[in-house]
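Reader: I am new to this structure and should like to be guided through it by questions. May we begin once it is in view?

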Amino acid sequence: MSATKEEISAFMALEFPQTKCVVEAVNENGATLSHEIGINELRPGGTVSGPVMMAVADVAIYVAILGRIGIVPLTVTTSLTINFLRKPSASARIIAECTLMKVGRTLIIGEVSLYSEGSDDIVAHVVGTYSVPPKRIEG
């Protein structure tokens with residue numbers, strides 16, 4: 001009951017047209033996303049702002065979950081922890097690589113490594129927990 005990259009991209013375009021995140025790859029264990037960086041994503045000091053990196057990581061976990069369980073729109077973030085490790089480039093896309101760590105019936109935990117495109121150095125590490133709504137029994 002998973003969703004494909006194309007299905008998730010179409011869902012995101014419809015439900016989250018404001019996001020600049022692009023789904024690059026998705027499978028049942030994770031997802032890779034990218035996010036263009038421009039002047040609106042920067043903070044003083046010429047670096048990508050923390051809220052932008054948090055948003056990219058949050059979307060990466062959401063997309064990875066949809067890739068695993070299918071399109072369940074009301075799956076929501078319950079916890080998100082980020083560790084900023086180094087200054088990301090102000091002129092390179094942010095790349096998010098998410099791996100699902102634990103997939104339960106009601107809670108799913110994902111881990112995200114954020115990079116500046118072209119660099120192997122992790123700029124931030126994120127762990128998030130999502131709550132999956134209970135399945136409704138029709139009848």
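Reader: How many bridges pair β6 and β7, and in which sense do the two strands run?
Author: In this predicted model, β6 covers residues 94–103 and β7 covers residues 107–116. The two strands form a hairpin with three residues between them. Within the pairing, Leu 100 of β6 has Gly 110 of β7 as its bridge partner. The sense is antiparallel, and the number of bridges is nine.

Reader: Is β7 largely enclosed or not by the rest of the structure, and how many of its residues are buried?
Author: A residue counts as buried when its relative accessible area is under 20%. By that criterion β7 is largely enclosed by the rest of the structure, because of its ten residues the number buried is seven.

Reader: Which residue takes a positive phi in the hairpin of β7 and β8?
Author: β7 and β8 pair in the antiparallel sense over nine bridges. In this pairing Leu 114 stands opposite Ala 124 of β8. The hairpin has five residues between the strands, and the residue with a positive phi, near 95°, is Gly 118.

Reader: Is Thr 129 buried or exposed, and what is its relative accessible area?
Author: Thr 129 lies in strand β8. Leaving aside neighbours within four places in sequence, Thr 129 is in contact with Val 76, Thr 77, Thr 78, Ser 79, Leu 107, Ile 108 and Ile 109. Since the limit for a buried residue is under 20%, Thr 129 is buried, with a relative accessible area of 16%.

Reader: Which strands stand at the edges of the sheet?
Author: The sheet is open and has six strands with antiparallel pairing, in the order β1-β2-β6-β7-β8-β5. From one strand to the next, the twist averages 20°. A strand with a single partner has one side left without a neighbour in the sheet, and the strands so placed at the edges are β1 (21–27) and β5 (76–84).

Reader: Which residue of β2 stands opposite Val 26?
Author: β1 and β2, the latter made up of residues 30–35, pair in the antiparallel sense over six bridges. They form a hairpin with two residues between them. One of the bridges joins Val 22 to Ser 34 of β2. The residue opposite Val 26 is Ala 31.

Reader: How many residues of β2 are buried?
Author: β2 is joined to β6 by six bridges, and the two strands run antiparallel. In that pairing His 35 stands opposite Ile 94 of β6. β2 is mostly covered, and of its six residues the number buried is five.

Reader: At about what angle does α2 run to β6?
Author: Helix α2 comprises residues 50–69. The helix lies across β1, β2, β5, β6, β7 and β8. Its angle to β6 is about 50°.

Reader: Ile 65 is found in helix α2; what is its relative accessibility?
Author: Leaving aside neighbours within four places in sequence, Ile 65 is in contact with Gly 70, Thr 75, Leu 100, Ile 108 and Tyr 130. Its C-alpha atom is separated by 7.9 Å from that of Glu 28, which is 37 residues apart from Ile 65 along the chain. Ile 65 counts as buried, because its relative accessibility is 0%.

Reader: How do the axes of α1 and α2 lie to each other?
Author: The axes of α1 (residues 5–15) and α2 come within 10 Å and cross at roughly 130°. An angle over 145 degrees would count as roughly antiparallel and one of 65 to 115 as roughly perpendicular. The crossing angle therefore makes α1, relative to α2, oblique.

Reader: In which hand does α1 pass α2, and how many nonpolar residues does their contact hold?
Author: The crossing is right-handed. The contact is made by Ile 8, Phe 11 and Met 12 of α1 and by Val 59, Tyr 62, Val 63, Leu 66 and Gly 67 of α2. One of these residues is polar and none is charged, while the number that are nonpolar is seven.

Reader: Is Pro 134 buried or exposed, and what is its relative accessible area?
Author: Pro 134 lies in the segment after β8. Its C-alpha atom and that of Ser 34, 100 residues apart along the chain, are separated by 30 Å. Because a value over 50% counts as exposed, Pro 134 is exposed, with a relative accessible area of 71%.

How values were computed
Residues numbered from 1 in each chain as written. Predicted model: local features only at pLDDT ≥ 70, side-chain atom pairs only at ≥ 80, totals over all residues. Heavy atoms only, no water. Axes fitted to C-alpha atoms, helices over the stretch in contact; angles between N-to-C directions. Helix = DSSP H or I, 4+ residues; strand = E, 2+ residues; numbered from the N terminus. Parallel < 35°, antiparallel > 145°, perpendicular 65-115°, else oblique. Left-handed = near helix turned anticlockwise from the far one by under 90°. Contact = heavy atoms within 4.5 Å. Nonpolar A, V, L, I, M, F, W, Y, C, P; charged D, E, K, R; others polar. Pairing = 2+ DSSP bridges. Buried < 20%, exposed > 50% of the residue type's maximum accessible area, 1.4 Å probe, protein only.
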